[in-house]
Amino acid sequence: MVLKEMVPDDNARHYAIQRLAKLLRHPDDLAYKADEVRRKLAQEKLLIDAQLNTDVRRQFDDVQEGLELMYATGGQISHVKTDMQQVDRLCTSAQSYLSNFDRIQSISIANRNFVRADEFYKQFSEFHHQYTHVQAMMADATANFAQGNFNLLRLHYFLYKLEDFRNRALGFAGVNDADAEQTLSQMFGGIDGLVLEFETFLWHVAEGMYELALRNRTNVIVQLLKVVEAEEAADRAQERETEGAGLARQKSSFNGSDKLSMASSAMSRGPRKERKLKGYKQKLLDLLHDFIEKRVSEFFKNDAKGLSEITEVTGFVIDELTFAADAVAPAFPTSYYMFDFFVNEYHQSVVKNTNELVSRELDGGEILMLLRWVREYGAAMRKELSIPKEQLKPALLEGREDTMAQEYLDIAVSKIREWVKNLMKTECETFAKREDAPSMGEDGLYVTGGSVYLFEIINQNIELVTEAQRAKLLCDLVAECNKVFQDTSKQWRDLLEAEKTKQIETPEIVAEGLVDYTMALANEQIRSVVQAETIRDETGDRLTRSHQERFKTELSQTMDIFMNVAEAATQTLANIVFSDLRPITSVLYTPEWYQEDLLQPVIETLKDYCQDFQDHLDKYLYKRLMQDLLSRFALSYIDAVAGKVKFHKGKTTEKLNLEIHRASKFFKEHVDPGTVSDTLNVVRILVSVIDSTPTMIFLEFFSVKKQYPDLPLALVEDILSKRDDLEKQQLKTILESLRQKSKGDTGSSLAKQRTLFSRLKNYPPLGTATSSKVGGFF
């Protein structure tokens, strides 16, 4: 192992685990390879430690060498300073060796000035010809602009020479003669106009930079940039000259030879009027800024059409930057960093136009489209152009994504709540009035159609948010929808309770069809559960794992809400059925029950209802409802013990066994036979308690308690006290024995052992108040 294989500290643990996993692949490796692996790792550690020690020692040596060089440099600088001072003293003393040095120097300067004056005279004589030539070149370039038949470098070269000559001429004249300076200014006045005309032409060329690149005329762009660079160099030279002159003026005093030396230097350069700084580079960048801003604004206005086609902006910007990177930026000097400039300018323009769009009030769809585009924009820039997110500053929407997401959520939930409110108003009115029979689906089930309309708007919003790739917002939307569904669930359950109460207490004035509409409501809730499950499975799989769990949890809660309403509906159906059976269940174990066959009307009533349930109720709900009816049927026999009844040994048990057999035969046509046997077994326990001999009651009771720990002692006491074969003293002894043995039973010990006995109405579970009502289930 070498140093380049070393990993950062934060990954060291993970790297170590991976290496061990590769080295120890099988359990046996721990026994046979562990020592070998330990030796190998120890050797690698020694090698690494040696390399680290060598590198650290080398670093210390380098630092020591650097310190020594810094110390030696101080001494060398001191020696150079001393030598320079010596040179200055020698120069000063050398002047005293020549008695006429000042005169010799003056004659030399005069000679150079004569030569310069002669050159100036020749240039002055040719000025008019040069000026006319540049004017003609300017006119020719303007005329041939569309064809691109011009040479910017040549034009700028001659124009720059004219400017330079004018500045030198005005500098000479400005030394002693104001009249000469005025005359020359009038003579050179046309140059400023020519320079202005050239600059206008130059920026006109710059504005057509993209067009030139499309026509493969990058040579013209290069000429333009060379002109800009030449002017920038001239600006820098002028700044240095101005700075040097300022420093010279700051010197408080000079000796005579110093003044003469300075005069000689100035004369050698020639007087020159201070050149006005042009700043062509900044002007060019400002022009490109305005040009890009205009292009982006026009695209937003004409092609993006506001927010309706905002996603097209991404493709436009990528195409523009790709073109700029391939055809325009290579013509610029690398010091301009033009691709970064183009990226920044295009992005800034996009941000500006986007902010203008979002300054107005947006609807939910526009907000989602904007949020989706913002995410796609950054991803596309990174994927297509390798531009990191950090370079795109400021961020689109300037960090307001969360605020806008909340605005969308508020708008969407408000609309959903309003729409659901209107839907519920219509649905509840139809349910309460029941003027017509409920609609019937293709499968013969009653339906209301509400779930179709409900999930139409829910699906629209979920699909929009999913397309916008806002997983957190999607979870928040479902959570808010659940609050709306909770409200509708309460409305339905309250309405069911109210309509059931009217159906039971005042059936003569209540509207018909409650059973059919309740089945339709229950079926509709199941349809809602199915749609919610579909959304959970299909949409949830498209989310990232970090949001997938929460999304599925929220949708599972949605399913529970609808299922609660469906169960409330089936409970209502069961209540209605047993309200019709109440006249019979209320006389169980009475003389009327012993004398007549009351079970047949019960079975016939159940057959009528169950046929409708089987034809028009969802299969799952139908199965649940039949199990509930079976349980209620069995419980009605147990709760009836609390009435004014009498048990006759032999006669009661014979009739009960017959009715259990007949009921079992009926319910097995609709419910699993095993479930029927288990449920009706609670009635058989009643038979066994009634039929037990006094000596076997104790054993019988505790035998049953093992299977049904929540069997109420009060129920057994009631059964025994209403048996006609037990004497009072005998009964008292049996009851005291049972109570003494049952003292250890508490509500908390039986809380986790609930059976059907815990649902008894007249014999509530241990620890609750005993009901004083007597009779059947109702």
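How do α12 and α14 run relative to each other? Keep that in mind as you set up your viewer, and remember throughout that this is a predicted model.

**Stop 1: α12 and α14**

Select residues 312–328 to pick out helix α12, then add α14, which covers 364–385. The two axes come within 9 Å and cross at roughly 25°. Angles under 35 degrees count as roughly parallel, so α12 and α14 are roughly parallel to each other. The crossing itself is right-handed.

Now show side chains where the helices touch. On the α12 side, pick Val313, Thr314, Val317, Ile318, Leu321 and Thr322. On α14, the partners are Trp373, Glu376, Tyr377, Ala380, Met381, Glu384 and Leu385. If you colour this contact by residue type, you should find nine nonpolar, two polar and two charged residues. As you look at the spacing of the contact residues, a general point helps: an α-helix has 3.6 residues a turn, so residues three or four places apart point the same way.

**Stop 2: leaving α14**

Follow the chain out of α14 into the loop that leads to α15 (401–433). Select Ser386, which sits in this loop. Its phi is positive, about 55°, although Ser386 is not a glycine. Is Ser386 buried or exposed? With a relative accessible area of 61%, Ser386 is exposed.

Stay in the loop and move on to Pro394, also placed between α14 and α15. Zoom in on the peptide bond between Lys393 and Pro394: this bond is cis, with omega about -5°.

**Stop 3: the loop before α14**

Go back along the chain to Arg360, found in the loop between α13 (338–358) and α14. Its relative accessible area is 40%, so Arg360 is partly exposed. Which residues does Arg360 touch, leaving aside its neighbours within four places in sequence? Display Leu307 and Glu366, and you have both contacts.

Next, select Phe300 in helix α11 (residues 280–302). Phe300 counts as buried because its relative accessibility is 4%. Draw a distance from its C-alpha to that of Leu357: the two residues are 57 apart in sequence, and their C-alpha atoms are 9.4 Å apart in space.

**Stop 4: between α8 and α9**

Jump to Asn216, in the loop between α8 (209–214) and α9 (218–250). Here is another non-glycine residue with a positive phi, this one near 60°. A surface view should show Asn216 well, since at 66% relative accessibility Asn216 counts as exposed.

**Stop 5: along α18**

Select residues 514–540 to bring up helix α18, which has 27 residues. From its first C-alpha to its last, α18 reaches 38 Å, close to the 39 Å expected at 1.5 Å a residue. How many of the 27 residues in α18 are buried? The count is 19, and α18 is mostly covered.

**Stop 6: α25 and α27**

Finish with a second helix pair. Select α25 (residues 697–707) and α27 (residues 728–741), whose axes come within 10 Å and cross at roughly 35°. This crossing is right-handed. For the contact, show Ile697, Phe698, Phe701 and Phe702 of α25, together with Ile734, Ser737, Leu738 and Lys741 of α27. Coloured by type, the contact of α25 with α27 divides into six nonpolar residues, one polar and one charged.

Note on methods:
Residues are numbered from 1 along each chain as its sequence is written. This is a predicted model: local features need pLDDT of at least 70, side-chain atom pairs count only at pLDDT 80 or more; totals for chains, interfaces and linings use all residues. Side-chain values use heavy atoms; hydrogens and water are left out. Helices (H or I, at least four residues) and strands (E, at least two) are DSSP runs, numbered from the N terminus. The expected span of a helix is 1.5 Å times one less than its number of residues. Buried means under 20% relative accessible area, exposed over 50%, partly exposed in between (1.4 Å probe, protein chains only). Axes are lines fitted to C-alpha atoms, for helices over the stretch in contact, and angles run from 0 to 180 degrees between N-to-C directions. Angles under 35 degrees count as roughly parallel, over 145 as roughly antiparallel, 65 to 115 as roughly perpendicular and the rest as oblique. A crossing is left-handed if the near helix is turned anticlockwise from the far one by less than a right angle, and right-handed if clockwise. Contact means heavy atoms within 4.5 Å. Ala, Val, Leu, Ile, Met, Phe, Trp, Tyr, Cys and Pro count as nonpolar, Asp, Glu, Lys and Arg as charged, and the others, Gly among them, as polar.
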